[in-house]
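Q: Please examine one part of this structure closely and explain how that part is placed among its surroundings.

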Amino acid sequence: MSIAPNSRVLITGAASGLGLALVHQLVERGCRVLGTDVHDELPETLRGLDGVSYLTLDVTKDVDWARAYDWVVEEWDGLDYLFNNAGVAAGGRIELSEMDQWQWIVDINLLGVARVFRTFMPMMKGQGSGHSVNTAAAAGLSHPPRMSEYNAVKAGVVALSETLFHELKPFGVKVSVVCPTFFRTNLTASLRGKDEGSQKMAATLIDKAKVSADQVAAAVVKDVARGKHIIIPNRDGRIAYRAKRYARPVYYRMMANASTKMTKTD
């Protein structure tokens, strides 16, 4: 199976990182793409790409979602794929995480996904077709120390995706959730938190990851075409997930060792 040429696709966070890599993957397959991001003008990264339109969209603003909905109705009269990819990062020791930081990441990473479902699911249900692809993280399935905010919102995206996988199935609408581990992207630019040691460690893991955003995007698009619900594109993520499900004592030792190692670097 493959994603059909001329499919109508909306991608949030499309100007960089995994979102941009997804744009390229889908354009190569002949899709029509509406790339969205917070930039007021068409980002340089999206210029000159055939079949790509751009719309400014802040996922925390209902008015922006209403504008996106109107654009899709007027230009395409329907939608085939939604890639809910926009996201930010935060983490560190729990006592150093402030409540405004929690609110910031919840508004973007979790409520941003909720808003897209509330906006576009009536359309997809009416069509009797459509596929929503939500970017969570391996942190939504297994929960390493010093990542409380990030783990919590990504676990929320996983839970929301599973809920709607069942809720929307009778209407012919599919839901997938993407759970990658660290890969090379610009996520470090959004990192927030007062725990400098944890921030530095996270940035190092992202910058030195062996897997690129392009590789993750290719794996995601392949599994979306297969209709897979939980997509874990990285081998280490699949190992951790299976350890938690089938060998929980081993998983707990992995997390305990990680926490001890972090404590020694404080």
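A: The following account concerns one strand and the elements around it. The model is a predicted one. The part chosen is strand β5, which comprises residues 131-135.

Strand β5 is mostly covered, and five of its five residues are buried. In a regular strand, the side chains alternate between the two faces of the sheet. In β5, His-131, Val-133 and Thr-135 lie on one side, while Ser-132 and Asn-134 lie on the other. Both faces are covered, for the residues on each side are all buried.

Strand β5 has a parallel neighbour in β4, residues 81-84, to which four bridges join it. Within this pairing, Leu-82 stands opposite Ser-132. Together with helix α3 (residues 99-127), β4 and β5 form a β-α-β unit that is right-handed.

Strand β5 also pairs with β6, residues 174-178, in the parallel sense, over five bridges. Here the bridge partner of His-131 is Lys-174 in β6. From β5 the chain crosses through helix α4 (residues 148-168) to β6, and this β-α-β crossover is likewise right-handed.

Several of these elements also contribute to the largest nonpolar core, which has 42 residues. Leu-82, the residue opposite Ser-132, is one of the residues that touch the most other members of this core, and Phe-117, Phe-120 and Met-121 are also among them. Helices α2 (62-75), α3 and α4 and strand β6 each supply at least two residues of the core. The largest share, ten residues, comes from α3.

Definitions and conventions: Residues numbered from 1 in each chain as written. Predicted model: local features only at pLDDT ≥ 70, side-chain atom pairs only at ≥ 80, totals over all residues. Heavy atoms only, no water. Buried < 20%, exposed > 50% of the residue type's maximum accessible area, 1.4 Å probe, protein only. Pairing = 2+ DSSP bridges. Right-handed = clockwise from strand over helix to strand, strands pointing away. Core = buried A, V, L, I, M, F, W, Y, C linked by side-chain atoms within 4.5 Å.
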